[in-house]
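Please look over the model shown here before reading on. The questions that come after it concern its sheet, its core and its ligand shell.

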Amino acid sequence: KAGFVSILGRPNVGKSTLINSLIGEKIAIVSNKPQTTRTNIQGIKTGENYQIVFIDTPGYHKAKDTLNRLMVQQAADSIDMADIIFLMVQADEHMGPEFRNLVKILEESKATKFLVINKLDIFKKEKAFLLAEKMFPVLNFTEVVPISARTGKNIDLLVELAVKHL
Ligand code: GDP
Ligand code: MG
């Protein structure tokens, strides 16, 4: 099986950490400063029965200036390419305007959507469950997967589920 998986979400939720963990190499810069990722970064993961191109995108936010517009365009391109979209949030995510804007755009996409809830190493599981419950009706998610991109928790499961839905 083969396909494209786009990783989308607000700045700082851990998208670049996730792609590094998936690929097993530091291909994207990780920083607690928003807007560190300015272009889409692709990493190919090959298994026995699959080949997946993961796309790390700049954080999605309102386009105020030229650089921001370019970054938003990158995210839009990756949505067009994607067979599967990982909408990444952290367990304490609040649904602000940035997030709702992204949801609106994802509603138009025919890709399979996963809700990936990150930073389970620092947030309580209950928090993630509450969030999942709140978000599930927002988009028609095929899977909800709580992970820690930092510790690697549930990353294998995430890949397994992606392969299943390709
Ligand atoms: P991006 O902007 O979505 O690409 O986020 P980054 O991958 O650059 O990460 C933003 C910050 O969150 C960095 O300080 C990371 O070390 C941190 N971070 C990412 N994933 C995790 C995680 O699973 N657990 C914790 N505790 N921190 C994380
Ligand atoms: Mg990044």
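The questions and answers below go from the sheet to the core and then to the ligand.

This is a predicted model, in which local features need pLDDT of at least 70 and side-chain atom pairs count only at pLDDT 80 or more, while totals for chains, interfaces and linings use all residues. Residues are numbered from 1 along each chain as its sequence is written, and chains are lettered from A and ligands numbered from 1 in the order in which they are written.

Q: In what order do the six strands of the open sheet lie?
A: Strands here are DSSP runs of E with at least two residues, and helices are runs of H or I with at least four, both numbered from the N terminus; two strands pair if DSSP finds at least two bridges between them. The edge positions of this open sheet, whose pairing is mixed, belong to S2 and strand S6 (143-146), each of which pairs on one side only. The order of the six strands is S2-S3-S1-S4-S5-S6.

Q: Is the pairing of S2 with S3 parallel or antiparallel?
A: Strand S2 (residues 41-46) is joined to S3 by a hairpin of four residues, and glutamine 42 has isoleucine 55 as its bridge partner in S3. Six bridges connect S2 and S3, and their sense is antiparallel.

Q: Which residue in S4 stands opposite valine 5?
A: Strand S1 (residues 2-8) pairs in the parallel sense with strand S3 (residues 51-56) over six bridges, and there valine 5 stands opposite phenylalanine 54. S1 also runs parallel to S4, with four bridges between them, and serine 6 has isoleucine 85 as its bridge partner in S4. The S4 residue opposite valine 5 is isoleucine 84.

Q: How many residues of S4 are buried?
A: A residue counts as buried if 20 or more other C-beta atoms, placed from the backbone, lie within 10 Å of its own, as exposed if 12 or fewer do, and as partly exposed in between. In a regular strand the side chains alternate between the two faces of the sheet. On one side of S4 lie Ile84, Phe86, Met88 and Gln90, and on the other Ile85, Leu87 and Val89, all of them buried. The number of buried residues in S4 is therefore seven of seven.

Q: Which strand gives the most to the largest nonpolar core?
A: Such a core is a set of buried Ala, Val, Leu, Ile, Met, Phe, Trp, Tyr and Cys residues joined through C-beta atoms within 7 Å. Among its 39 residues, those touching the most other members are Val5, Ile7, Phe86, Leu87, Met88, Val116 and Ile117. With six residues, the element that gives the most to this core is S4.

Q: Why does glutamine 90 count as buried?
A: Glutamine 90 lies in strand S4 (residues 84-90). Leaving out residues up to four places away in sequence, its contacts (C-beta atoms, placed from the backbone, within 7 Å) are Val13, Gly14, Asn118, Lys119 and Phe123. Glutamine 90 counts as buried because its C-beta neighbours inside 10 Å number 21.

Q: Which helix gives the most to the shell around ligand 1?
A: A residue is near a molecule if its C-beta atom, placed from the backbone, lies within 6 Å of it. Of the 20 residues around ligand 1, Gly14, Lys15, Ser16, Thr17 and Arg150 come nearest. With three residues, the element giving the most to this shell is helix H1 (residues 15-23).

Note on methods. Contact = placed C-beta atoms within 7 Å.
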